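Welcome to this guided tour. Please open the structure in your viewer and keep the selection tool at hand.

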Amino acid sequence: GPDAGTLFISFNLNKARNAQNQPLVSSIKSRWFNTLAFRQAVAYAIDRETMKKNIFRGLGELLNSPIYFKSPYYLSPEQGLKVYNYNPEKAKQLLLGAGFKYNPQGQLLDAEGNQVRFNMLVKAEDKTRVDMAVQIQEDLRRIGIQADLQAIAFNVVLENLTSRNWECYVGAFSGGVEPHSGFNIWSSQGGLHQFNQGPQRGEPPIKDWEVSDWEKEIDRLFIAGSQEFDEAKRKAIYARFQQIVQEQLPFIHLVNKLSFEAVRDRVHNLKYSSLGGAFWNIYEIKVSEK
């Protein structure tokens with residue numbers, strides 16, 4: 001089945017200023033990124049089915065949640081999880097409704113006439129991720145957005161993320177079945193809360209950092225989830241968390257690759273799982289002589 005991790009595109013939502021009183025993200029671009037309709041339009045503009053077909057050779061699944069689909073806490077689209085299937089016309093409608101406009105060349109402009117253009121970082125060492133970023137760049141071009149792709153070394157990507165010196169990036173996280181394992185990502189105080197990174201111990205001060213109401217609600221839900229012993233109530237807590245994430249889109253989820261391992265045909269009674277691999281049930285495995 002699909003890998004337990006997540007692949008996504010994210011925008012820097014941080015409204016803070018550095019020690020020199022300069023905005024971490026330009027005020028113009030910050031307004032775009034912090035407009036919910038803008039993020040949702042980007043989600044609708046990305047053709048994930050084509051991404052799965054061309055980049056993953058069909059060996060993948062569309063990703064819609066930060067929680068792994070094999071987790072008992074996963075909320076499916078059938079249970080109410082919001083999804084963003086490819087719909088460029090809807091993307092354009094959302095942008096126009098949010099005050100954006102198009103010039104005669106089909107370029108997207110904001111209400112003040114600024115062209116919507118930003119840098120998109122991606123880890124150069126990961127060819128699959130670079131290919132995904134290239135397709136995203138082309139998909140966004142079709143709705144008038146110019147994403148300038150910057151494929152750079154992973155350590156440089158990390159330096160940009162930790163210094164909050166970035167606009168957009170294509171990234172990934174590992175995952176598992178327990179939702180609380182993502183606390184460091186989703187807590188507003190977490191060290192991996194990259195889309196709106198707050199002050200961290202030992203860093204120079206940042207000014208005017210804001211935590212949105214929906215981030216505060218996720219903080220509350222994670223605390224409640226860690227303290228709840230009733231399984232049904234705990235599932236409801238993390239269901240609400242997934243709904244908020246898919247509505248607000250701090251991460252726009254993309255495609256998960258399928259997980260494979262090759263095993264000789266002399267090995268029998270395999271019960272392969274992407275969580276445990278081929279040999280998690282080694283006590284049940286039999287090996288024939290030929």
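Before you select anything, here is a term for the whole tour: a residue is buried with under 20% relative accessible area, exposed with over 50%, and partly exposed in between (1.4 Å probe, protein chains only). Accessible areas come from the Shrake-Rupley method with a 1.4 Å probe, and for residues only the protein chains shown count as cover.

The model is predicted, with local features needing pLDDT of at least 70 and side-chain atom pairs counting only at pLDDT 80 or more, while totals for chains, interfaces and linings use all residues. Residues are numbered from 1 along each chain as its sequence is written, and side-chain values use heavy atoms, leaving out hydrogens and water.

**Stop 1: salt bridges in and around a helix**

Start with Glu138, which is partly exposed because its relative accessible area is 31%. Now add Arg142: the two form a salt bridge, with their closest N and O atoms 3.9 Å apart. That term means a side-chain nitrogen of Lys or Arg within 4 Å of a carboxyl oxygen of Asp or Glu. Arg142 has 44% relative accessibility, so this residue also counts as partly exposed.

Next, select Lys127 and Asp131, another salt bridge, where the closest N and O atoms are 2.8 Å apart. Both sit in helix α5 (residues 127-141), and because they are 4 residues apart, about one helical turn separates them. Helices here are DSSP runs (H or I, at least four residues), as are strands (E, at least two), and they are numbered from the N terminus. An α-helix has 3.6 residues a turn, so residues three or four places apart point the same way. Colour the pair by accessibility: Lys127 is exposed at 60%, whereas Asp131 is partly exposed at 27%.

**Stop 2: a link between distant parts of the chain**

Which residue meets the side chain of Glu178 in a salt bridge? Select Arg234 to see the partner, 2.8 Å away from N to O. This pair joins distant parts of the chain, 56 residues apart: Glu178 is in the loop between β7 (168-173) and α7 (183-186), and Arg234 is in helix α9. Is Arg234 buried or exposed? Its relative accessible area is 10%, so Arg234 is buried, while Glu178, at 32%, is partly exposed. Salt bridges with shared partners also make one network of Glu138, Asp139, Arg141 and Arg142. In the whole structure, a search finds 15 salt bridges.

**Stop 3: two pairs of helices**

Two packed helices are described by the angle between their axes and the distance between the axes. The axes are lines fitted to C-alpha atoms, for helices over the stretch in contact, and the angles run from 0 to 180 degrees between N-to-C directions.

Select α8 (residues 213-227) with α9 (residues 231-248): they pack at about 160 degrees, and their axes are 9 Å apart. These two helices are therefore roughly antiparallel, a label for angles over 145 degrees (under 35 is roughly parallel, 65 to 115 roughly perpendicular, and the rest oblique). The crossing of α8 and α9 is left-handed: the near helix is turned anticlockwise from the far one by less than a right angle, and clockwise would make it right-handed.

Now switch to α2 (residues 36-45) and α4 (residues 88-97), whose axes are 8 Å apart at an angle of about 165 degrees. They too are roughly antiparallel, and their crossing is left-handed. The rest of the structure largely encloses α2, because 9 of its 10 residues are buried; among them are Phe38, Val42 and Tyr44.

To look at these two helices another way, pick Leu94 in α4 and Ala41: their C-alpha atoms are 6.0 Å apart, although 53 residues separate them along the chain. Leu94 is partly exposed, at 23%.

**Stop 4: loops and the surface**

Select Asn21 in the loop between β1 (6-11) and α1 (27-33). Asn21 has a positive phi of about 65 degrees although it is not a glycine. Asp208, in the loop between α7 and α8, has a positive phi near 60 degrees.

Finish with Ile282, in the loop between β10 (267-268) and β11 (286-287). Ile282 is exposed because its relative accessibility is 59%. Add Leu270, Phe279, Trp280 and Tyr283, and you have a nonpolar surface patch with about 570 Å² of accessible area together. Patches are made of residues with over 30% relative accessible area and no salt bridge, joining nonpolar side chains (Val, Leu, Ile, Met, Phe, Trp, Tyr) within 5 Å and like charges within 9 Å.
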